[in-house]
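Work through the following exercises with the structure open. Each one gives a task and then a solution in steps.

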Amino acid sequence: FSSGLLSGLDVVITAGPTREAIDPVRYISNHSSGKMGYALAQACAEAGARTRLISGPTRLSCPANVERIDVVSAQDMLEAALACKADIFIGAAAVADYRPETIAAQKIKKQGSDSASTTLTLVQNPDIIATIAAGTHKPFMVGFAAETENIVDYARNKLIKKRLDLVIANDVSRHDIGFNSDDNAVTLISAASEEYLEPRSKYQLALELVRRIAIAYR
Ligand code: PMT
């Protein structure tokens, strides 16, 4: 029962995928449905936090008592995140690490039949959570790590590299948890500890994560 655990706190959560435009018709994206981030937003609001959800395109409706800010690209998501003061920042979004170097003004026409392939140059997107963590008023920083192998090691590297307080690592090579699933299982990683939380619904997991975040925040 988590009501009151986050009373009076400002929580900002990024969720869902980003879409990186190639031309007016096409984009690069990923399989994030937003379910994990939306479950966290619902649990944070239920715990009494003022909760803002910066969301890429999803099919989900905004949880009760949550303020949603809709964004499309990683650059839009960064701009929205920089505009929000947060006591706690949770990066649950699957942010595209790269975007096309240029967005074509018109739909790219298929080359003549003689060219079997075409090349798209990608450039790095800003690292949103690392940028927020490096800001002057650093919130309590909670990141996710989407890994397919060496999960704890890679996630711990992100904890250090991005200067986060907690990293929630999940194995996205499995189909029963991670992207787009209703359930998830995570390893909670902090400088001092790591703890495995076995599979459960993303909402039940979010309730447990709110309890851990409230304790770690104090
Ligand atoms: O949305 P669902 O379908 O419910 O799936 C949930 C999820 C698998 C998307 C979620 O649990 C998850 O793992 N989200 C993080 C996905 C991701 O991009 O992980 P990463 O290891 O690439 O990124 C590490 C951290 O940096 C994350 O907090 C991410 O939000 C953040 N990041 C990454 C790249 C970038 N350019 N900016 C960022 O802020």
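A molecule sits in a pocket if more than half of its atoms lie within 2 Å of the pocket's grid points. The model used here is predicted.

**Exercise 1. Find where the ligand sits and which elements surround the ligand.**

Step 1. By the criterion above, the ligand sits in the largest pocket.

Step 2. A residue counts as near the ligand if one of its heavy atoms lies within 4 Å. There are 28 residues around the ligand, and S32, G91, K158, N170 and N180 come nearest.

Step 3. Assign the shell to elements. At least two residues each come from α1, α3 (128-133) and β9 (140-147). The largest share is that of β9, with four residues.

**Exercise 2. List polar backbone contacts of the ligand, then state how much of the ligand the protein covers.**

Step 1. Take the oxygen atoms of the ligand. One oxygen atom lies 2.7 Å from a backbone N or O atom of A93. For N180, a polar backbone atom is 2.6 Å from an oxygen atom of the ligand.

Step 2. Take a nitrogen atom of the ligand: the distance to a polar backbone atom of P126 is 2.9 Å.

Step 3. Turn to the area. On its own the ligand has 760 Å² of accessible area, and the protein covers 95% of this.

**Exercise 3. Decide how far helix α1 is enclosed by the rest of the structure.**

Step 1. Locate the helix. α1 covers residues 35-46, twelve in number, and spans 16 Å from its first C-alpha to its last, close to the expected 16 Å.

Step 2. Apply the cut-off: buried means under 20% relative accessible area. The buried residues in α1 are M36, G37, Y38, A39, L40, A41, A43, C44 and A45.

Step 3. Because nine of its twelve residues are buried, α1 is largely enclosed by the rest of the structure.

Step 4. Look just past the helix, where G48 has a positive phi of about 95°.

**Exercise 4. Describe the setting of R163 and N180, which have positive phi values.**

Step 1. Recall the background: most residues other than glycine have a negative phi.

Step 2. For R163, phi is near 60°. R163 is placed in the loop between α4 (151-161) and β10 (166-171).

Step 3. For N180, phi is near 65°. The loop between β10 and β11 (183-189) holds N180.

Step 4. Classify exposure, where partly exposed lies between the 20% and 50% limits. R163 is partly exposed because its relative accessibility is 45%. N180, with a relative accessible area of 43%, is therefore partly exposed.

Conventions
Residues are numbered from 1 along each chain as its sequence is written. This is a predicted model: local features need pLDDT of at least 70, side-chain atom pairs count only at pLDDT 80 or more; totals for chains, interfaces and linings use all residues. Side-chain values use heavy atoms; hydrogens and water are left out. Buried means under 20% relative accessible area, exposed over 50%, partly exposed in between (1.4 Å probe, protein chains only). The expected span of a helix is 1.5 Å times one less than its number of residues. A polar contact is a pair of N or O atoms within 3.5 Å; within protein, one must be able to donate a hydrogen and the other to accept it, and residues adjacent in sequence count only if both atoms are side-chain atoms. Accessible areas come from the Shrake-Rupley method with a 1.4 Å probe; for residues, only the protein chains shown count as cover. On a 1 Å grid over the protein atoms alone, a cavity is a set of points where a 1.4 Å probe fits but cannot get out, and a pocket is an open set with protein on both sides within 12 Å along at least five of seven lines; lining residues have an atom within 4 Å of a point.
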